[in-house]
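Visitor: Hi! I have the sequence and a viewer open. Could you walk me through this one?

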Amino acid sequence: MEKMMQRRNALGLIGSGIVGMVGLTTSAWAQATGDVAPGLAGSERQITIWRDPGCGCCDAYGDYLEEHGFTVTRVDDRDFDKRSVEVGVPAQGIGCHLAEIDGYYVSGLVPVDIIERLLETRPAITGITLPGMPANAPGMSAAKTGTLRTYSFGPEGISIYADE
């Protein structure tokens, strides 16, 4: 039984390495060919994440953003939840970390396509949040499955931003 578990773990590591290499190669190709989100460049690709130190899903989420062409700065902050509320994230809508990108706050494991839409459309909001730690969100799962509900927050209140 133990030998079977060792074999399974080894195969899992090999598979993860292959997936990671494909992701990095795809990301490098996209950057080299200019095939990253049109209209997003420079400071719009810079994102800072305040997270609880040692949070594995936050590290995985940062890696996910990097694979999609973002430059990620990770900041250890055990009080990211307090910082989140201070910038306007509704207390009941806090995600597992707080990020700032080009004047917007992003709370939680929000998929890249939703962040890119935010940066392209530039709505009059403070930011967006994906509350909690949904099991099917980037950073928690290898691939998004099912629906994720993201909320916007700002001077006009809270509303559904994306339901996809």
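Guide: Happy to. This is a predicted model, and a good place to begin is an open sheet of seven strands with mixed pairing, in the order S2-S1-S3-S4-S5-S6-S7.

Visitor: Which strands are at the edges?

Guide: Strand S2 (71-76) and strand S7 (157-163) are the edge strands, each pairing on one side only.

Visitor: And how are neighbouring strands turned against each other on average?

Guide: By 25 degrees, with direction ignored.

Visitor: What holds strands of a sheet together, in general?

Guide: Strands pair through backbone hydrogen bonds, and they can do so parallel or antiparallel.

Visitor: How do S5 and S6 run, parallel or antiparallel?

Guide: Antiparallel: three bridges join strand S5 (residues 127-129) to strand S6 (residues 149-154). For a landmark, look for glycine 127, which has phenylalanine 153 of S6 opposite.

Visitor: While we're at S6, is serine 152 buried or exposed?

Guide: Serine 152, which lies in strand S6, counts as buried because its relative accessibility is 7%, and the cut-off for buried is under 20%.

Visitor: What is serine 152 in contact with?

Guide: Leaving aside neighbours within four places in sequence, serine 152 contacts Ile125, Gly127, Ile128, Gly157, Ile158, Ser159 and Tyr161.

Visitor: Let's switch to helices. Which strands does H2 lie across?

Guide: Helix H2 (residues 56-67) lies across strand S1 (46-51), S2 and strand S3 (97-101). The angle between H2 and S2 is about 165 degrees.

Visitor: And where does H3 lie?

Guide: Helix H3 (residues 80-87) lies across S1, S3, strand S4 (104-107) and S6, and runs at about 50 degrees to S3.

Visitor: S1 keeps coming up. What about isoleucine 49, buried or exposed?

Guide: Isoleucine 49 is in strand S1 and is buried, with a relative accessible area of 0%.

Visitor: Which residues does isoleucine 49 touch?

Guide: Beyond neighbours within four places in sequence, the contacts of isoleucine 49 include Tyr61, Gly62 and Leu65, along with Val72, Thr73, Arg74 and Val75. His97, Leu98 and Ala99 are also in contact with isoleucine 49.

Visitor: How far is isoleucine 49 from serine 107?

Guide: They are 58 residues apart in sequence and 9.1 Å apart in space, C-alpha to C-alpha.

Visitor: Last topic, rings. How many aromatic pairs does the structure hold?

Guide: One aromatic pair.

Visitor: And which ring does arginine 45 lie over?

Guide: Arginine 45 lies over the face of phenylalanine 70, at 4.0 Å from the ring centre.

Terms used:
Residues numbered from 1 in each chain as written. Predicted model: local features only at pLDDT ≥ 70, side-chain atom pairs only at ≥ 80, totals over all residues. Heavy atoms only, no water. Phe/Tyr/Trp six-rings, centres within 6.5 Å; stacked < 30°, edge-to-face > 60°. Lys NZ or Arg CZ within 6 Å of the ring centre and 35° of its normal. Pairing = 2+ DSSP bridges. Helix = DSSP H or I, 4+ residues; strand = E, 2+ residues; numbered from the N terminus. Axes fitted to C-alpha atoms, helices over the stretch in contact; angles between N-to-C directions. Contact = heavy atoms within 4.5 Å. Buried < 20%, exposed > 50% of the residue type's maximum accessible area, 1.4 Å probe, protein only.
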